[in-house]
Amino acid sequence: MRKLSKYLLKIGLFSIVALVVISKLLSINRIPHQRLPKICIGFRGRLGNLMFQYAFLYSISKSKGLYPVIPENFELGNVFKINKTTLKQIGEDNTACDKIPTHSERWACSFDDQLINVPIFQSAKFNGYFQSWKYWIQHENGLRQTFKFQDRITERARKQLADIIGTSGFTCCSKNSTLVGVHVRRGDYTSKLVNDYGQITPNASYYENAMDYFENLYPSVLFIVASDDLKWTKDAFKNKTNVHISLGNSGPEDMALLSLTNHTIMSVGTFGWWVAWMTGGTTLYYRPVFAPGSRFAKDFNNDVSSFIYPGWIPME
C-alpha cells in the first residue's frame, strides 16, 4: 500500500495541475469545438474489455486535457450513464480520429508507462486493451460515478435480488450472514486454441475452496452465481443448498446483480474483474492467472500486479 500511495501522489499532482489549466481554458471558451484536442481509441471486445478501454480513455482525457471521443452508438452508453462525447457533438466528422498519430500498448494486461507520457493538450489515438488499474486509479472516484448502471438495469437487478432473498429464506445481511457473487467464466476458455495460448479457467475445486473460505467466515452465506456455461455450473454446485444460479439475464444485468452482493469469487476474464471492483468487499481470484511461459503470460509482462486490483486474495 505504501508503493500505491507514492504512485498516487506522483500522478495525482500532475493531474491536479493539468485539470486546473484545462478548466480555465474551457471556462473562457478559448478553444473552439473544432480545435479541441482529443483522445481516440479503437474500441473492441465485449463488456469487460470495453470498460477497461473506456476507463483508460476517461483517465487520459482528464489528465491530459483531451476530449474523450466515443462511438456514436457506443455499447456502454446503453449500460452506464456515460456522457455522449462523440465527434458529432463537437461538429467533427467520423474521420477526425484517422488523422491522429497512434500509440500502441506493449502489453494488453499490464501497465505501460509510455502511454501516459503523451503531451497535454495534444490529440492522441491509442490502440490496445489497457487492462491495468494503474492507468486510472487517480480518477477512480469519478470512474465509479461514471460506471453507474442505467436505471432500468439497476431496478431489474434490485428486484431480482429481493426475489432471490425472499424465495431462499435467507436473512440478509449482518455480521453473521453475507451475500457472495460468483462469476463462472468457461465458454471459449475451454477450447484447445485458447488453452494453447495460455488462458485457463478454474475447475470445480477452486469454487469449492473459495466458497469454503466465506463459509468459514460467516455462519450464513448465500452465493449468487452467473455463468456462461449453465450445464457445467449446475453440475458443479448440485450439492450446495445455498446457491442461486442466475437465469435469463443479459451480461449487463448479471453484472448489476452480482455487484449488489457483499463479496466476490472471480473466475477469469474481465467481466468478473469489473464485478469485483464494483462490489468491493473481499475478492478471491483464481491463481494462476495465466499459464507460466505462455504467450498469454507475455500480455501481463509476466507479472499480474498491474492487473490484479490491490487487496484481492489469490486462491487455487
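Start by selecting Leu47, Gly48, Asn49, Met51, Phe52 and Ala55 in helix H2, then add Thr270, Phe271, Trp273, Trp274 and Met278 in helix H9: these two groups meet each other. Colour them by class and you should find eight nonpolar, three polar and no charged residues in this contact. Keep in mind as you look around that the model is predicted.

Now show both helices whole: H2 covers residues 47–64 and H9 covers residues 270–279. Their axes come within 7 Å and cross at roughly 60 degrees. Angles from 35 up to 65 degrees fall in the oblique range, so H2 and H9 are oblique to each other. The crossing of H2 past H9 is left-handed.

Next, move to the sheet. Which order do its six strands follow? Trace S7-S6-S5-S8-S9-S10, an open sheet with parallel pairing. At the edges you will find S7 (243–245) and S10 (313–315), each of which pairs on one side only. Turn the view a little: on average, neighbouring strands here are turned by 25 degrees against each other, direction ignored.

Zoom in on S5 (residues 177–184) and S8 (residues 263–265), which pair in the parallel sense over three bridges. Select Val180 and you will see His263 of S8 standing opposite.

Finally, bring back the helices that pack on this sheet. Helix H4 (residues 151–168) touches S5, S6 (220–227) and S7, and its direction makes about 130 degrees with that of S6. Helix H8 (residues 251–259) touches S5 and S6, with its direction at about 165 degrees to that of S6.

Key. Residues are numbered from 1 along each chain as its sequence is written. This is a predicted model: local features need pLDDT of at least 70, side-chain atom pairs count only at pLDDT 80 or more; totals for chains, interfaces and linings use all residues. Side-chain values use heavy atoms; hydrogens and water are left out. Two strands pair if DSSP finds at least two bridges between them. Helices (H or I, at least four residues) and strands (E, at least two) are DSSP runs, numbered from the N terminus. Axes are lines fitted to C-alpha atoms, for helices over the stretch in contact, and angles run from 0 to 180 degrees between N-to-C directions. Contact means heavy atoms within 4.5 Å. Angles under 35 degrees count as roughly parallel, over 145 as roughly antiparallel, 65 to 115 as roughly perpendicular and the rest as oblique. A crossing is left-handed if the near helix is turned anticlockwise from the far one by less than a right angle, and right-handed if clockwise. Ala, Val, Leu, Ile, Met, Phe, Trp, Tyr, Cys and Pro count as nonpolar, Asp, Glu, Lys and Arg as charged, and the others, Gly among them, as polar.
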